[in-house]
Amino acid sequence: MDLNMNLDGPHSMGTTIIGVTFNGGVVLGADSRTSTGMYVANRASDKITQLTDNVYVCRSGSAADSQIVSDYVRYFLHQHTIQLGQPATVKVAANLIRLLSYNNKNMLETGLIVGGWDKYEGGKIYGIPLGGTLVEQPFAIGGSGSSYLYGFFDQAWKEGMTKDEAEQLVVKAVSLAIARDGASGGVVRTVIINSEGVTRNFYPGDKLPLWHEELEPQNSLLDILNATSPEPMNI
Amino acid sequence: MNFMASKQPENSLLGPEADSQRTLYPYVTGTSVVALKYKDGILMAADMGGSYGSTLRYKSVERMKPIGKHSLLGASGEISDFQEILRYLDELILYDNMWDDGNSLGPKEVHNYLTRVMYNRRNKFNPLWNSLVLGGVKNGQKYLGTVSMIGVNFEDNHVATGFGNHLARPILREEWHQNLSFEDGVRLLEKCMRVLLYRDRSAVNKLQIAKITEEGVTISQPYSLKTYWDFSAFANPAQGAVGSW
């Protein structure tokens, strides 16, 4: 019997998170697996969290730390929006995340990708890794699954994609990471933000493309056995 | 004045030189194996994943192998140690066949041999990092047993390794009964494997189901299971509590 099954470990979102800019907005994407040790505590989590009407954040790392940081920033942004009299900019949201991440760097373990649209700068993506560095990027990847995507993005990323191209890229990338990262899995969620508003999409595990060595899912072995022929298989 | 370090004989397991020989931790691992007794024999299921830490590195690893005429061995844990065990068993079966006396090692004997191997390695602090499931039928008698890397061994009507113990065995305790048909057994194993696929991080969606009866061993072709995500709660889980999961 295996003795080291840490079923009471801290909830961590192993995760794959992605943010990509396109002509007129941003697409945010993430998987949906939250694990405690090796157990999948939630197979359908929502890691793309709303900060304001026009700014969302992808969360990775410790589930608790990322939730509390996004809760605080949502609260601050709400007050900021009232005082400012107009929607907050993506840059302000990203900097608030940065302040919390940087000033509590010894206690927090969370990597975040902030993405949104505002009327001054259009679509923007900001990466805020562990330690609280703020980096504005045309696209950002994060979480344990992102290790498998650096080569993919080096090859597949292009400036000036359309909304649909950008979303397809994100879904393909998260799906590739899920295939290889044990800490990522479940469904692919995307959030598209542009001048017109916000669209949430949901790509369940069985609708994702199949990659190398993956097979078409079946209802049961019995269907396969009955379909081929009544004779028994050989080793 | 200095004290000379005491000299160990070359093959001693004490001292720093011996550490390179001990298995400290596994590298390429397989996850759960689940097995049950049914009307005609034993059914066993295992996925084909070989994980390298948290990376799902190999997806076509066969973790169940026939042993002799009467047994089937499934393994989880370090794959290289499983391959070594298969080499030991090859030798065991070879010697058994060389007697040419019409007798052959049955599952009970193979299980006992494996138990001795695993326990003796554990006593030398150099375990074979596996949890094994050994099933078979001989002379109409069904046998299903398990051995862990520290030598814990027992038989039962249904067994599992790793996560299977926590997720599959409760299902089997509820739904297993004597004289399951082949179809019911397969469906029950698939139910267990699907839960493992949802909830075990190291599970991979490509599995094989093996059956062993008096006639012999059959291991199915690799196939994948359908998974279900079409629940309204999954579409928008944070609706009532923005910022949660």
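In this predicted model, chain B carries 27 positive and 26 negative charges, and the mean positions of the two sets are 5 Å apart. Chain A has 17 positive and 24 negative side chains, with the centres of these sets 7 Å apart.

## The two chains

Chain A has 235 residues, of which 51% count as buried. Chain B has 245 residues, with 53% counted as buried. The secondary structure of chain A consists of five helices and 14 strands. For chain B the count is five helices and 14 strands. The table sets out the extent and the exposed area of each chain.

| Chain | Span of the C-alpha trace along the principal axes | Exposed area | Part supplied by carbon and sulfur |
|---|---|---|---|
| Chain A | about 75 × 45 × 30 Å | about 10800 Å² | 51% |
| Chain B | about 75 × 60 × 30 Å | about 12100 Å² | 51% |

The contacts show how each chain folds back on itself in sequence terms. In chain A, among contacts between residues at least 6 apart in sequence, 62% join residues at least 24 apart. In chain B, residues 24 or more positions apart account for 62% of the contacts with a separation of 6 or more.

## Salt bridges

Over all chains, the structure holds 14 salt bridges. Three of them are described here, beginning with chain A.

A:Asp31 and A:Lys47 form a salt bridge in which the closest N and O atoms are 3.0 Å apart. A:Asp31 lies in the loop between β3 (25-30) and β4 (34-36) of chain A, while A:Lys47 lies in the loop between β5 (39-42) and β6 (48-52), so the pair ties together parts that are 16 residues apart in sequence. Are these two residues buried or exposed? Both A:Asp31 and A:Lys47 are buried.

A:Asp71 forms a salt bridge with A:Arg74, and here the closest N and O atoms are 3.2 Å apart. The two residues are separated by about one helical turn, because they are three residues apart in helix α1 of chain A. A:Asp71 counts as partly exposed, since its relative accessibility is 32%. A:Arg74 has a relative accessibility of 19% and therefore counts as buried, the cut-off for buried being under 20%.

In chain B, the side chains of B:Glu155 and B:Lys108 meet in a salt bridge with an N to O distance of 3.8 Å. This pair links distant parts of the chain: B:Glu155 is in strand β10 (residues 153-155), B:Lys108 is in helix α2 (residues 107-123), and the two are 47 residues apart. B:Glu155 is partly exposed, with a relative accessible area of 42%.

## A nonpolar patch on chain A

Which residues form a nonpolar patch on the surface? They are A:Ile68, A:Tyr72, A:Tyr75 and A:Phe76, which together have about 400 Å² of accessible area. One of these residues, A:Tyr72, is found in helix α1 (residues 63-84) of chain A. A:Tyr72 counts as partly exposed because its relative accessibility is 43%. Helix α1 of chain A also contains the pair A:Asp71 and A:Arg74 described above.

## Loop residues of chain B

B:Gly53 sits in the loop between β4 (50-52) and β5 (55-58) of chain B. With a relative accessible area of 56%, B:Gly53 is exposed. Its C-alpha atom is separated by 7.2 Å from the C-alpha atom of B:Val28, a residue 25 positions away along the chain.

Two further loop residues have a backbone angle worth noting. Most residues other than glycine have a negative phi. B:Asp100 is not a glycine, yet has a positive phi of about 50°. B:Asp100 lies in the loop between α1 (79-98) and α2 of chain B. At 70% relative accessibility, B:Asp100 counts as exposed.

B:Asn179 is likewise a residue other than glycine with a positive phi, in this case near 60°. Where is B:Asn179 placed in chain B? B:Asn179 is in the loop between α3 (163-175) and α4 (182-199). With a relative accessible area of 52%, B:Asn179 is exposed, as the cut-off for exposed is over 50%.

How values were computed: Residues numbered from 1 in each chain as written. Chains lettered and ligands numbered in written order. Predicted model: local features only at pLDDT ≥ 70, side-chain atom pairs only at ≥ 80, totals over all residues. Heavy atoms only, no water. Helix = DSSP H or I, 4+ residues; strand = E, 2+ residues; numbered from the N terminus. Buried < 20%, exposed > 50% of the residue type's maximum accessible area, 1.4 Å probe, protein only. Contact = heavy atoms within 4.5 Å. Areas by Shrake-Rupley, 256 points an atom, 1.4 Å probe, with all protein chains shown as cover. Lys, Arg positive; Asp, Glu negative; His and termini not counted. Charge placed at Lys NZ, Arg CZ, Asp CG, Glu CD. Patch = residues over 30% accessible without salt bridge, like charges linked within 9 Å, V, L, I, M, F, W, Y side chains within 5 Å. Salt bridge = Lys/Arg side-chain N within 4 Å of Asp/Glu carboxyl O.
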